[in-house]
Every structure is written in C-alpha cells, then in structure tokens.
Amino acid sequence: MNMMIPFQGKPQPEVIWTKGGQPLDTSRINIRNTDKDTIFYIRQSQRSDSGKYELTVRINGAEDKATLDIQVIEPPGPPQNLKLVDVWGFNVALEWSPPADNGNSEIKGYVVQKSDKKSGQWFTVLEHCTRTSCTISDLIIGNTYSFRVFAENGCGLSETAAVASGVAHIQKTKTTYQAEKIPQRDMMEPPKFTQPLTDRTTTRGYSTHLFCSVRGFPQPKIIWMKNQMEIREDPKYIAMIDQGVCSLEIRKPSPFDGGVYTCKAVNPLGEASVDCKLDVK
C-alpha cells in the first residue's frame, strides 16, 4: 500500500498521522514527509491495517485535516451448510448459508457448479447468484450429480467451495406422487408457489426451460407472461403443468426472447406469481 498525499503551507507544516486517535504502529507503517507531501507506505498490508486514518498538517496552531478510510480485503471463506433439499423430475433445489468469513468485504454473490458421476468434471451452472438458494434444471435423466458453491466478494471467489454431502440421482422412471388424504374442508387453499422461478442465461438457438412448482385447490389456472404481457398461442412457447410442476419451454430463443418471465397462478381463493430474468447470449 503506497499513497502520496500533497499539501501546501509555509513555513513547512508539521505532519501528524493517527489511527483511531492513536499514534501509528511504525513497525508496520512507514511515513516519509517532505515540505509538500507525505507518503504512507505498508510493505505487506493485512486486514488489521483496515480502519480510519487521520492526517493533520499544522503551522503555529493552525491546522487542516484529512481522513482516509482504508479497507484491506481478501477472498472470502466458503459458504456453509450446503444442502440438497429436493430432487424432482430433472431438477434439484439447493440451500446454503453465507460464509463465516466474508474477507472484510460484502459478499457479492455465489457461483454454483455441478459434476456428473460419469465425467467427474465440474461445470458452472449459475454465476453471481445473490440468494442463498437456487434451483438447477435441465439435468440428464439417469445421471448422478454432485454440487458445490463458491462465495464471491470484491476480491474474487473463495479459495475453496462448499460441497453438498448428498448426491442427486435423476430417476429414469417417472415418480408417482400420491395426494395427501385430508378432510374435504381442509383442501381449499389459494395458490402458493413452493419453488420459485430462477434467473437463467441461455445460448441463442438452444431451447431452454423455465420451471417452478405451485400448489392450491381448486387447481390453479397457470398464466405465463413475458414483460407483463400474457403469452398466448405462440408456437415458440410450450407451457405444461404436471403434479404442480409448471414448465415453459422456449424453442430456439433469440436475444429478443430475453426479458422478465412471470408465472401467475389463479384460483377462486386468490392468486400468486413468481418472476425470473432470462438472458439470451
């Protein structure tokens, strides 16, 4: 860390540096003064060097001050408690907690990666995720997957990742869901999304899917919208719902198909909606 701070004054001002109102630790910080500037130098900065430094220049009782707020950052620690919370169809849901050490810098997001048992290689499926949960879709039927998550701050990614203890096996046969037997009077409920849409980035010309899941009784009517405009009979889009899992296939998207997509569920008791952003590159 090397900073030169110029000043003016005659005769030559007295230069005084403090940190938090206390003199500097000269074993770590070197100060060199001339008649027109002062140089602040640390050979190997550490996080403990962070803080508010005050520079005072004084001539016969008259003085001027400047404050420097220095923040020394480093990569964060890995996220904590990464869990594989659900597997359905060819989708999985993950949850985790922020890292115990943020590297003295705000956590900007997370990078999520997957690895299938056959290849053993890691591939990034989500970048700059700002939440501590996500849904990963488009997994291959019959494969077994592991997942890991890196934290990211202003200095970059964590040196290590949090790895989920469990694996997700995408079943070849369709799972049959049995509806819970409950009294008729308890079955009525307004729509509620149990799994939200997640932001997606896809490549132009490659079909992509958006997924979410909803419950409610009577079964809600599902309305898909793009940029607040309802998607009607358009061959580019195929909307389906199966056992509460709502999907929207976007065939061979172009950059024009990017935007904010909304899934809205409506029944006589109320309505609910979830949004996601799709980028087509």
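Where is Pro218 found, in terms of the strands around it? Pro218 sits in the loop between strand 19 and strand 20, and before I go on from there I should say that what we are looking at is a predicted model.

The peptide bond that joins Phe217 and Pro218 is cis, with an omega of about 0°. Phe217 also appears on the surface, where Met188, Phe217 and Leu269 make a nonpolar patch of about 250 Å². Of these residues, Met188 is located in the loop between strand 16 (168-169) and strand 17 (189-195), and Met188 counts as partly exposed because its relative accessibility is 43%.

Let me turn to the sheet that contains strand 17. It is an open sheet of four strands in the order 17-19-23-22, and the pairing is antiparallel. Strand 17 and strand 22 (237-242) are at the edges with a single partner strand each, so each of them has one side left without a neighbour in the sheet. From one strand to the next, the twist averages 25°. As a general reminder, strands of a sheet pair through backbone hydrogen bonds, either parallel or antiparallel. Here, strand 17 and strand 19 (residues 208-217) are paired in the antiparallel sense over four bridges, and Lys192 has Arg215 in strand 19 as its bridge partner.

On the other side of that loop with Pro218 comes strand 20, which covers residues 221-226 and pairs with strand 24 (residues 259-267) in the antiparallel sense over six bridges; Ile223, for instance, has Lys264 in strand 24 as its bridge partner. Strand 20 also pairs with strand 21 (residues 229-230), again in the antiparallel sense, over two bridges, and here Met225 stands opposite Glu230. The hairpin of strand 20 and strand 21 has two residues between the strands, and in this hairpin Asn227 takes a positive phi near 50°.

As for annotation, UniProt lists residues 191-275 as "domain: Ig-like", in an unreviewed entry. Over those residues the chain in the model is 0% helix and 62% strand, and the end C-alpha atoms are 15 Å apart.

Now to another sheet, an open one of three strands in the order 8-9-12, with antiparallel pairing. Its edges are strand 8 (80-88) and strand 12, and since each has a single partner strand, one side of each is left without a neighbour in the sheet. Neighbouring strands of this sheet are turned by 20° against each other on average, with direction ignored. Strand 9 (residues 91-97) and strand 12 are paired in the antiparallel sense over four bridges, with Leu94 opposite Cys134 in strand 12.

Strand 12 itself spans residues 133-136 and contains Ser133, a residue that counts as partly exposed because its relative accessibility is 26%. The C-alpha atoms of Ser133 and Pro6 are separated by 49 Å, with the two residues 127 apart along the chain.

I will finish with some backbone details in loops. Asp138, in the loop between strand 12 and strand 13 (144-153), has a positive phi near 60° although it is a residue other than glycine, and it is partly exposed, with a relative accessible area of 31%. Asn60, which is likewise not a glycine, has a positive phi of about 50°; it lies in the loop between strand 6 (51-59) and strand 7 (62-70) and, at 78% relative accessibility, counts as exposed. Finally, the peptide bond from Lys10 to Pro11 is cis, with omega near -5°, and Pro11 lies in the loop between strand 1 (2-6) and strand 2 (14-19).

Notes:
Residues numbered from 1 in each chain as written. Predicted model: local features only at pLDDT ≥ 70, side-chain atom pairs only at ≥ 80, totals over all residues. Heavy atoms only, no water. UniProt positions renumbered as here; feature names shortened; annotations may be inferred. Patch = residues over 30% accessible without salt bridge, like charges linked within 9 Å, V, L, I, M, F, W, Y side chains within 5 Å. Areas by Shrake-Rupley, 256 points an atom, 1.4 Å probe, with all protein chains shown as cover. Salt bridge = Lys/Arg side-chain N within 4 Å of Asp/Glu carboxyl O. Buried < 20%, exposed > 50% of the residue type's maximum accessible area, 1.4 Å probe, protein only. Pairing = 2+ DSSP bridges. Axes fitted to C-alpha atoms, helices over the stretch in contact; angles between N-to-C directions.
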